[in-house]
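Reader: I'd like to learn how to read a protein model. Could you walk me through one?

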Amino acid sequence: HPLNNALTGSDANEARADEAVLAAPSAHPLDELRHEVMGGSTNNKRDSAGRRLGLKKWGHSDEVYENQIILRQRGHKWQPGMHVRSGKDHTLHSKIEGSLAWSRDRYTKKLRKRVHVVPMEMPNRRFPVPPPFMFHPELQPDFAKQNMTNFEPLEIPKKTNLRKKNPAKLGASVVEASAEKRFCMPAEVGPRTLMRAPALYEFTSEGY
């Protein structure tokens, strides 16, 4: 340094020390952690299940029963028509039993699609075929000879629960009233003795 040439002795040593301090990196308390990248936090990591929107019944003359869901939607993409009602969440339900019909509004500025249910009695597809007609053997003995003998009785299908209920198992066995065994703890045996030697107690007292 040009100033060090003019300085001699202790002054030159002090100048060199000042230069070394200025040249050294500044000591900071977070210098040791500067190589780690701090991660941020977010609350946008949750996701909900899908709402299963869309058409549940489609096509012309499709069979629809009373209170059956025709479609699920958000907003009225399909408008309710004849014998169709809209729910709180814009789900369209059929009011009566019948067949589906679709149409578009012709004389409106906005083109709207509508769903209708034409009243119609649908065939029985949810229950098995009933047994054939049988003649009474006492009232109509002549025709009763024509009755079928090999047929299966009518059984209405029951709704099965998909979720099986598993009852909790009892921790004790059930025995008869006269077969139970009572436990009598001897007076000289304490709880600590029982913990150390469980073979001391027995079911010996029958007149409990």
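Author: Let's go from the overall layout to the sheet, then to a few side chains. Keep in mind that this is a predicted model.

Reader: Okay, the big picture. How many helices and strands does the protein chain have?

Author: Four helices and eight strands. Read along the sequence, the pattern is α-α-β-β-β-β-β-β-β-β-α-α, with two helices before the run of strands and two after it.

Reader: And what share of the 208 residues is buried?

Author: Buried residues make up 13% of them. As for surface, the protein chain exposes about 19,000 Å², and carbon and sulfur atoms supply 54% of that. You can also ask how far apart in sequence the touching residues are. Take contacts between residues at least 6 apart: 40% of these join residues at least 24 apart.

Reader: Now the strands. What holds strands of a sheet together?

Author: The general idea is that they pair through backbone hydrogen bonds, in a parallel or antiparallel way. Here, four strands form an open sheet in the order E2-E7-E8-E4, with mixed pairing.

Reader: Which of them are the edge strands?

Author: E2 and E4, the latter covering 78-80. Each of those two pairs on one side only, and that's what to look for in an edge strand.

Reader: Can you show me how the neighbours line up?

Author: Sure, start at E2, residues 63-64. E2 pairs with E7, residues 98-104, in the antiparallel sense over two bridges. Look for Glu 63, which stands opposite Ser 99 in E7.

Reader: How many bridges join E7 and E8?

Author: Seven, and that pairing is antiparallel too. E8 spans residues 113-119. To follow the match, find Leu 100, whose bridge partner in E8 is Val 117. Then go to Arg 104, which is partnered in E8 by Lys 113.

Reader: Next, side chains. Is His 93 buried or exposed?

Author: The idea is to compare the relative accessible area with a cut-off, and buried means under 20%. His 93 has 15%, so this residue is buried. You'll find His 93 in strand E6, residues 92-94.

Reader: What does His 93 touch, leaving out residues up to four places away in sequence?

Author: Its contacts are Asn 67, Gln 68, Ile 69, Ile 70, His 83, Val 84, Arg 85 and Gly 87.

Reader: What about nonpolar side chains at the surface?

Author: Look for a patch of about 240 Å² made by Met 82, Val 118 and Met 120. Val 118 belongs to strand E8. With 31% relative accessibility, Val 118 counts as partly exposed.

Reader: Last topic: aromatic rings. How many aromatic pairs are there?

Author: Two aromatic pairs. To read one, check the distance between ring centres and the angle between planes, where over 60 degrees counts as edge-to-face. The rings of Phe 133 and Phe 135 have centres 5.2 Å apart and planes at 85°, so this pair is edge-to-face.

Reader: Which residues form the aromatic cluster?

Author: Phe 133, Phe 135 and Phe 143 form one cluster. Try the accessibility reading on two of these: Phe 133, at 66%, counts as exposed, while Phe 135, at 25%, counts as partly exposed.

Key:
Residues numbered from 1 in each chain as written. Predicted model: local features only at pLDDT ≥ 70, side-chain atom pairs only at ≥ 80, totals over all residues. Heavy atoms only, no water. Pairing = 2+ DSSP bridges. Phe/Tyr/Trp six-rings, centres within 6.5 Å; stacked < 30°, edge-to-face > 60°. Buried < 20%, exposed > 50% of the residue type's maximum accessible area, 1.4 Å probe, protein only. Contact = heavy atoms within 4.5 Å. Areas by Shrake-Rupley, 256 points an atom, 1.4 Å probe, with all protein chains shown as cover. Patch = residues over 30% accessible without salt bridge, like charges linked within 9 Å, V, L, I, M, F, W, Y side chains within 5 Å. Salt bridge = Lys/Arg side-chain N within 4 Å of Asp/Glu carboxyl O.
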